[in-house]
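Trainee: I would like to learn how to read an interface between two chains, and afterwards a single helix. Could we take them in that order?

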Amino acid sequence: MRFRVVIKRVKAGGEPRFDAFDVEADPSESVLDVVERISLEKDRTLAFEHACHHGVCGACGMVINGVERLACITRIGEVAKGGVVVLEPLRGFKVISDLAVDKSRMFGKYKLVTPSTLEIVDGGLQEVQLEKLYDCIECGICYSACPIANTFPEYLGPSLLALISKSGDGKVPAVVDSRAGVWACHAAFECSVRCPVGFKPGESIMRLRRRLLKGELRVEG
Amino acid sequence: MTKSVLVIGGGVTGVAIAYDLASRGLSVTLVERGSLGAGTSGRTHGLLHSGCRYIADAEVARECYSENVTLRRIAPFLFEKNGGLFVAVTEDDLRYKDFFLKQCERAGIPVEEVPREEALRLEPNLNPDLKAAVKVPDGTFDPLKVILSFAASAKLSGAVIKPFNEVVGFKVEGGRVTSVKVLDKTVPREYEVKPDFVVNATGAWADKVARLAGLRVPVKPSPGVMVALDGRIGNMVFNRLNKPGDGDIIVHHRGTSVVGTTSWVVEDPDSVKPPREHVELMVKRGSELAPIVSRLKIKAVYVSSRPLIGEGAASTGREVSRSFAVIDHSRDGAENFVSIIGGKFTTARLMAEKLGDFVAERLGAAKESQTASRPLAPYWLFFEG
């Protein structure tokens with residue numbers, strides 16, 4: 001089937017523009033596979049992030065026909081409107097080039113809170129302690145979808161607060177209990193709606209708030 | 001004056017090499033044509049090898065296990081360390097067991113046979129008709145985060161990491177590379193660099209890159225199809241207790257499980273699509289290990305091309321050793337150019353150490369590799385500064 005893929009292009013020092021690429025693709029192919037093919041066959045200067053290709057690394061978040069999604073697990077036939085797919089970089093981040101964004105506004109704040117990356121799983125087996133990486137894949141989609149993260153650069157942001165909520169040991173750094181922390185959230189829940197792995201950042205932020213209000217968390221620093 | 005090295009390739013081997021060389025005091029720049037992990041490394045199934053999969057070659061297995069231990073020590077935050085099970089489903093599998101156990105002992109890998117009831121208690125989604133199970137020290141990881149941790153460590157050691165910068169040409173004069181032409185896709189513009197040494201760490205693409213300098217690398221791009229299921233069906237890695245074959249592993253990490261893999265050989269790693277019959281085969285073979293596989297929705301199908309060493313008459317890639325090779329191009333007319341191929345994600349740090357020894361000797365850098373003992377930087381530090 002023939003699709004028209006329209007990609008927002010941003011290059012250093014240049015004005016943003018939209019380029020259209022007509023491609024043959026199976027409707028079950030991922031948007032990412034199609035973008036990769038465009039970069040190999042039609043325009044080698046196309047910049048975009050990708051790694052795992054199966055929805056666990058968070059690299060390929062982008063805005064697809066107006067909605068934040070992981071391109072690797074989005075089938076082109078399911079999102080095309082009239083055969084057209086418009087791709088834009090995530091909102092709320094500085095654009096490096098084309099669809100690639102600089103996620104330092106999210107990862108750069110980890111130093112304030114140092115969240116854990118491993119979750120201990122209740123496996124129901126006393127002699128085996130199971131562990132897994134947190135389901136949050138740090139894709140940045142929740143930042144892009146969040147009206148506050150888009151307008152308030154100091155905001156710690158949905159995924160980071162959710163990670164703190166899940167990995168905390170009864171203590172949180174003062175920045176969490178501040179204007180830049182849980183109190184910036186307006187409970188729009190766009191983060192939870194758009195999260196591609198069901199991590200529910202919005203609910204986690206509300207849980208942090210409740211625990212702070214009840215005095216169940218010790219605020220440090 | 002500090003000698004400069006250009007590392008080509010932003011997969012796990014490239015970033016580990018950049019880290020190794022920078023921490024020895026060399027001036028390192030890494031260029032990658034896409035984003036970090038955009039090639040083979042980012043698309044692995046995410047298995048921290050115990051070495052048991054390649055137990056027929058006890059030395060390769062020993063190497064894998066040793067690196068497994070090292071990585072757990074220097075970066076515990078990156079790995080789900082839940083172990084793995086090698087499971088016999090057929091009589092043929094069962095006949096492989098004694099050889100498997102003997103080889104594990106030879107390679108020094110701590111494994112333990114567990115009763116079938118215990119295996120099913122540990123992992124209820126395994127085939128209830130399993131005939132034997134052996135517990136092994138496998139682990140799992142998110143490949144991109146491991147790559148970013150090596151890249152962060154490289155940056156903190158002074159390396160410059162440049163994604164979206166593709167090498168498009170070399171100037172070779174007087175038996176050495178005198179300049180490298182790079183396309184910076186973010187501008188876009190081409191520019192030249194004049195490093196003292198060039199490292200080709202582009203894996204399955206190593207021959208394509210080397211050809212730009214008039215050189216050849218005996219790499220066999222060997223793609224494998226993987227099928228990601230929409231759901232996590234276990235904690236320990238599920239392996240088929242037999243010699244390596246199609247669809248003999250299920251790796252769980254984060255909220256998903258990945259069934260892998262097939263193996264064939266292609267000329268160009270850039271033009272590979274997953275054959276539909278490979279997907280069907282993964283589901284069929286995966287279901288033999290864990291029947292639930294056939295009932296789950298497929299979340300993604302993808303292909304990753306291994307950079308196998310292309311010696312011998314291998315046609316499927318399975319016959320090729322999973323060890324690695326450092327290819328010195330000085331005898332081909334480029335004395336400051338080296339390629340590295342083969343290996344596995346799990347052994348990338350070791351590959352970087354050996355390649356680092358080679359480059360350090362050529363450039364007269366005195367420092368030894370420290371990457372086995374120094375903690376790896378958290379991946380989020382890559383995004384700072």
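Mentor: Let us begin with polar pairing, keeping in mind that this is a predicted model: between chain A and chain B there are 21 residue pairs in polar contact, with both residues at pLDDT 80 or more.

Trainee: Which elements of chain A give two or more residues to the side that touches chain B?

Mentor: On that side of chain A they are helix H1 (31–41), strand S6 (94–97), helix H3 (104–107), helix H4 (110–113) and strand S9 (130–133). The largest share, four residues, comes from S9(A). Sorted by character, the residues of chain A that touch chain B comprise 24 nonpolar, eleven polar and 15 charged.

Trainee: How many salt bridges does the rule find across the interface of chain A and chain B?

Mentor: The rule finds six salt bridges there, and one of them can be inspected in detail, since B:Glu166 pairs with A:Arg44, their closest N and O atoms lying 3.3 Å apart.

Trainee: And how should I express the extent of such an interface?

Mentor: The size of an interface is often given as the accessible area lost when the parts come together. Here, the area buried between chain A and chain B is about 4000 Å², with carbon and sulfur atoms giving 57% of it. Within chain A, the residues that lose the most area to chain B are A:Arg44, A:His54 and A:Leu133, which together account for 16% of what that side buries. Counted by residues instead, 50 of chain A are in contact with 49 of chain B.

Trainee: Now for the single helix: is helix H1 of chain B mostly covered or mostly exposed?

Mentor: A general point comes beforehand: an α-helix has 3.6 residues a turn, so residues three or four places apart point the same way. In H1(B), which is mostly covered, twelve of the twelve residues are buried, including B:Val12, B:Ile17, B:Asp20 and B:Ser23. The helix, residues 12–23, reaches 16 Å from its first C-alpha to its last, close to the 16 Å expected at 1.5 Å a residue.

Trainee: Against which elements do the buried residues of H1(B) pack?

Mentor: They pack against strands S1 (4–8), S2 (27–31), S13 (197–200) and S20 (337–342), and against helices H5 (143–156) and H8 (348–363), which belong to chain B as well. Just after H1(B), B:Gly25 takes a positive phi of about 95°.

Trainee: What does chain A contain as a whole?

Mentor: Chain A has eight helices and eleven strands, and of its 221 residues 56% count as buried.

Technical notes:
Residues are numbered from 1 along each chain as its sequence is written. Chains are lettered from A and ligands numbered from 1 in the order in which they are written. This is a predicted model: local features need pLDDT of at least 70, side-chain atom pairs count only at pLDDT 80 or more; totals for chains, interfaces and linings use all residues. Side-chain values use heavy atoms; hydrogens and water are left out. Contact means heavy atoms within 4.5 Å. Buried area is the accessible area (1.4 Å probe) that two parts lose on being put together, summed over both. A salt bridge is a side-chain nitrogen of Lys or Arg within 4 Å of a carboxyl oxygen of Asp or Glu. A polar contact is a pair of N or O atoms within 3.5 Å; within protein, one must be able to donate a hydrogen and the other to accept it, and residues adjacent in sequence count only if both atoms are side-chain atoms. Ala, Val, Leu, Ile, Met, Phe, Trp, Tyr, Cys and Pro count as nonpolar, Asp, Glu, Lys and Arg as charged, and the others, Gly among them, as polar. The expected span of a helix is 1.5 Å times one less than its number of residues. Buried means under 20% relative accessible area, exposed over 50%, partly exposed in between (1.4 Å probe, protein chains only).
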